[in-house]
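Morning, everyone. I have one model to walk through today. Please have the sequence and the 3D view open.

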Amino acid sequence: MSHIFPRHTKQFPPIAVRGEGCYLYDGNGKQYLDASGGAAVSCLGHGDQTIIDAVKTQLDKLAYAHTGFFTTEPAEALADLLIEHAPGSLDRVYLVSGGSEAMEAALKLARQYFVEKGEPQRGRLIARKQSYHGNTLGALSAGGNAWRRAQFGPLLIDMSHIDPCYEYRLKRNDETPQEYGLRAANLLEEEILHIGPENVMAFAAEPVVGATAGALPPAPGYFKRIREICDQYGILLILDEVMCGMGRTGSLFACEQDGVSPDILCIAKGLGAGYQPIGAMLCSREIYETIENGSGFFQHGHTYLGHPTAAAAGVAVVNAMLDRGLIPRVNTQGDKLMAALQAQFGQHPNVGDIRGRGLFQGIELVADRDTKAPFDPSRKVAPKIKKAAFDAGMICYPMSGTIDGQTGDHVLLAPPFIISDDQINELVQKLAGAIEIALQN
Ligand code: PLP
């Protein structure tokens with residue numbers, strides 16, 4: 001009998017023993033195509049010898065040194081590399097162990113920034129419905145996914161959630177995508193005015209929404225308007241690129257494609273590509289200098305901050321992406337995946353929307369394409385797709401219960417950047433089979 005506490009206590013998973021390229025293998029030798037990189041993590045695929053060697057080399061030199069006493073060579077190198085490529089005024093890197101920690105640090109830094117600026121009343125965070133920013137209580141309170149929040153109220157942070165930018169469901173027929181983008185962004189201004197700008201510290205959003213909305217990109221101009229509003233009211237823009245960052249959408253940082261740069265940016269997942277647990281919070285020079293010239297101490301920290309072995313993996317991963325031309329490849333393979341999904345599901349009576357950027361794509365399932373009515377949650381369409389795909393030897397990321405916290409099913413796809421044309425075909429065929437099985441009952 002196992003002593004592991006599994007995610008689902010009634011569905012004990014098989015034991016994964018090996019990974020190679022786009023495939024994972026369990027103890028019985030069964031092969032699984034990793035169509036979601038786990039949870040948009042394994043961007044380089046499995047068993048990449050360059051990254052493995054970089055980790056081993058670092059382990060031989062120095063596995064760990066506490067940031068209370070030291071900085072380390074790989075942490076310095078990773079911070080330099082990220083800032084060299086980061087957009088806008090991002091200037092400092094705070095290395096953590098994952099996405100929730102990065103968001104938690106972002107929220108506390110935003111809070112401390114305003115306290116040190118002499119505006120302690122600015123404590124309110126605005127985020128969006130149907131978002132996910134992590135599972136620790138602070139990050140969870142930022143997320144607008146009702147299902148994940150349900151059992152944990154009252155949450156820690158003073159929050160409000162505006163509608164997401166969701167063309168498929170919320171754009172009116174008489175609007176252009178640009179008009180809708182503007183209208184959706186202006187909801188932020190309405191909320192700020194409702195709360196009182198002097199009480200708001202930050203707006204947090206994922207540039208392309210991942211797990212809770214199936215690769216939902218913003219409408220054109222949405223984030224430009226968001227940036228303007230934040231600037232107008234002196235509010236920090238926190239972008240959560242934990243899932244959509246690190247090349248996943250076809251640019252190193254997802255927000256580059258929207259022509260905006262945040263005050264704080266969070267990354268994780270693809271930064272370590274699964275070889276090590278690592279995340280980072282990047283902040284602007286202005287924020288850093290406010291702390292530097294104020295208390296001089298960010299009142300936060302974890303034992304594994306700036307972990308050298310994890311940072312060494314991060315350096316090797318970012319260099320591999322850049323040196324091997326993997327980000328342009330995300331765009332070419334992403335176009336092929338989109339074309340294959342369109343060909344397979346474009347006319348499917350239960351596929352309402354196919355969307356995404358780069359190798360971050362999703363499909364939304366509906367009971368009726370004309371009315372866009374979602375399936376009744378009792379049908380459990382998304383969990384059934386997950387199971388049928390897994391049985392057929394594929395890992396994908398179906399989610400349900402996320403459309404405005406009520407109902408809805410979608411599948412998120414985030415395969416490794418090295419996915420081949422044949423593997424794209426295998427992915428789409430297996431997904432088609434899984435959807436048919438899931439819809440049968
Ligand atoms: N933010 C986003 C957008 C995520 O998708 C996730 C995880 O899925 C997190 C934060 C939390 O990251 P982690 O699970 O590494 O704590």
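How many bridges join strand 3 to strand 13, and do they run parallel or antiparallel? The count is 2 bridges, and strand 3, residues 31–34, runs parallel to strand 13. One pair to click on is Leu33, whose bridge partner in strand 13 is Met394. Before I go on, a caution: this is a predicted model.

Now the sheet around that pair. It is an open sheet of 4 strands, in the order 1-2-3-13, and the pairing is mixed. Strand 1 (16–20) and strand 13 (394–395) are at the edges, each with a single partner strand, so one side of each has no neighbour in the sheet. As a reminder, strands of a sheet pair through backbone hydrogen bonds, either parallel or antiparallel.

Next, strand 14. Strand 14 runs antiparallel to strand 15, and 4 bridges join them. Pick Ser400 here: its bridge partner in strand 15 is Asp409. Look at the side chains too. Tyr397 and Met399 point one way from strand 14, while Pro398 and Ser400 point the other way. Which are they, buried or exposed? All four residues, on either face, are buried.

Zoom out to the domains. Domain 1 covers 16–48 + 325–440, and domain 2 covers 52–323. Their centres, taken over C-alpha atoms, are 25 Å apart. How many residues does each domain bring to the contact? Domain 1 brings 38 residues and domain 2 brings 34 residues. On the domain 1 side, the elements giving two or more residues include helix 1 (37–40), helix 12 (326–345), strand 14 (397–400) and strand 15 (409–413). Strand 11 (351–357) and strand 12 (360–365) are in that group as well. By class, that side of domain 1 has 18 nonpolar, 13 polar and 7 charged residues.

Two of those helices deserve a stop. Helix 1 holds Ala40. Its phi is positive, about 60 degrees, although Ala40 is not a glycine. Most residues other than glycine have a negative phi. Ala40 counts as buried because it has 26 C-beta neighbours inside 10 Å.

In helix 12, look at Gly334. Gly334 is buried, with 24 other C-beta atoms within 10 Å. Which residues does Gly334 touch, not counting those up to four places away in sequence? They are Gly250, Gly358 and Leu359. Also, Gly334 and Ile424 are 90 residues apart along the chain, yet their C-alpha atoms are separated by 9.5 Å.

There is another positive phi to flag. Gln130 has a phi near 55 degrees, and Gln130 is not a glycine either. Gln130 sits in the loop between strand 5 (124–128) and helix 5 (137–142). With 23 C-beta neighbours inside 10 Å, Gln130 counts as buried.

Compare a second loop, between helix 3 (73–85) and strand 4 (90–96), where you find Ala86. Ala86 is buried, with 21 other C-beta atoms within 10 Å; the cut-off for buried is 20 or more. Leaving out residues up to four places away in sequence, Ala86 touches Phe253 and Leu282. Now take Ala86 and Asp174. They are 88 residues apart in sequence and 37 Å apart in space, C-alpha to C-alpha.

On to the core. The largest nonpolar core has 136 residues. Which members touch the most other members? They are Ala102, Ala106, Ala110, Phe203, Ile264, Ala280 and Met281. Domain 1 and domain 2 each supply at least three residues to this core. Take Ala110 as an example. Beyond its neighbours within four places in sequence, Ala110 is in contact with Met201, Ala202, Leu236, Ile238 and Ile264.

Last stop, the ligand. How many residues surround the ligand? There are 15, and the closest are Gly98, Gly99, Ser100, Gly134 and Val242. Which helix gives the most to that shell? Helix 4, residues 99–116, does, with 3 residues. By class, the shell has 7 nonpolar, 6 polar and 2 charged residues.

That is the tour. Over to you for discussion.

Methods. Residues are numbered from 1 along each chain as its sequence is written. This is a predicted model: local features need pLDDT of at least 70, side-chain atom pairs count only at pLDDT 80 or more; totals for chains, interfaces and linings use all residues. A residue is near a molecule or strand if its C-beta atom, placed from the backbone, lies within 6 Å of it. Ala, Val, Leu, Ile, Met, Phe, Trp, Tyr, Cys and Pro count as nonpolar, Asp, Glu, Lys and Arg as charged, and the others, Gly among them, as polar. Domain bounds come from an automatic or database domain assignment. Two residues are in contact if their C-beta atoms, placed from the backbone, lie within 7 Å. A nonpolar core is a set of buried Ala, Val, Leu, Ile, Met, Phe, Trp, Tyr and Cys residues joined through C-beta atoms within 7 Å. A residue is buried if 20 or more other C-beta atoms lie within 10 Å of its own, exposed if 12 or fewer, and partly exposed in between; C-beta atoms are placed from the backbone. Two strands pair if DSSP finds at least two bridges between them.
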